[in-house]
Amino acid sequence: MRTHRGKECFPGMTIAYALIQMLEKAAEKTDRACIITNVWAHKLLTNPSFGACVGLIYEMGGKDMNEYGLVILASGGVGADFMQDKLLAQYRPDVAHLPTTNGEHCTSDGIKRGEVIGG
């Protein structure tokens, strides 16, 4: 097994929920954070002058929307990535054949989007 499971429902749950709660508080109390869920974020936007990520394009209701500012990629893991270019095989081929406890959402697509822009 590749993933440690504590007493929580999923690995890293305690840390993940603490981070989510802090971000939710920031979004409620200030205009410095915005949480957008249940959308398909399909492209990270960069500043052509220096290459930094400055926002993203996401699909909501069949329409592309732009959001500018800092971006947090909460993309899950890589365990359910069964594509030929899967990251686990690239970075840890010694464990790529082992079963995973990752959910089906852990397809490494968000990580790959970050790599495209140099992340």
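Ala, Val, Leu, Ile, Met, Phe, Trp, Tyr, Cys and Pro count as nonpolar, Asp, Glu, Lys and Arg as charged, and the others, Gly among them, as polar. The exercises below use these classes and concern a predicted model.

**Exercise 1. State how many residues of each class line the largest pocket, and describe that pocket.**

Solution.
Step 1. Start with the volume: the largest pocket takes up about 2000 Å³.
Step 2. Turn to the lining, which consists of 46 residues. Nearest the centre of the pocket lie Ile-36, Ile-72, Leu-73, Ala-74 and Ser-75.
Step 3. Sort the lining by class: 26 residues are nonpolar, 13 are polar and seven are charged.

**Exercise 2. Find which element gives the largest share of the lining of the largest pocket.**

Solution.
Step 1. List the elements that supply at least two lining residues each: helix 1, strand 1 (40-46), strand 2 (53-60), strand 3 (63-68) and helix 3 (109-116).
Step 2. Pick out the largest share: helix 1 contributes eight residues to the lining.

**Exercise 3. Decide whether Leu-23 is buried, partly exposed or exposed, and describe its surroundings.**

Solution.
Step 1. Locate the residue: Leu-23 belongs to helix 1, which covers residues 13-29.
Step 2. Recall the cut-offs: buried means under 20% relative accessible area, and exposed means over 50%.
Step 3. Apply them: Leu-23 has a relative accessibility of 31%, so it counts as partly exposed.
Step 4. Name the contacts. Leaving aside residues up to four places away in sequence, Leu-23 touches Ala-33, Ile-35 and Ile-72. Ile-72 is also one of the residues nearest the centre of the largest pocket.
Step 5. Set sequence beside space: Gly-62 is 39 residues from Leu-23 in sequence, and their C-alpha atoms are 27 Å apart.

**Exercise 4. Search for aromatic pairs, then examine the ring of Trp-40.**

Solution.
Step 1. Search the whole structure: the number of aromatic pairs is zero.
Step 2. Look at the face of Trp-40: Arg-113 lies over it, at 4.7 Å from the ring centre.

**Exercise 5. Give the order of the elements and describe the protein as a whole.**

Solution.
Step 1. Count the elements: there are three helices and three strands.
Step 2. Read them from the N terminus on: the order is α-β-β-β-α-α.
Step 3. Give the extent: along the principal axes, the C-alpha atoms fill a box of roughly 40 × 35 × 30 Å.
Step 4. Take the buried share: 19% of the 119 residues count as buried.
Step 5. Consider the contacts with a separation of 6 or more: 46% of them join residues 24 or more positions apart.

Notes
Residues numbered from 1 in each chain as written. Predicted model: local features only at pLDDT ≥ 70, side-chain atom pairs only at ≥ 80, totals over all residues. Heavy atoms only, no water. Helix = DSSP H or I, 4+ residues; strand = E, 2+ residues; numbered from the N terminus. Buried < 20%, exposed > 50% of the residue type's maximum accessible area, 1.4 Å probe, protein only. Contact = heavy atoms within 4.5 Å. 1 Å grid on protein atoms, 1.4 Å probe; cavity = no way out; pocket = protein on both sides within 12 Å on 5 of 7 lines; lining within 4 Å. Points joined across faces, edges and corners; volume = space filled by probe spheres on them. Phe/Tyr/Trp six-rings, centres within 6.5 Å; stacked < 30°, edge-to-face > 60°. Lys NZ or Arg CZ within 6 Å of the ring centre and 35° of its normal.
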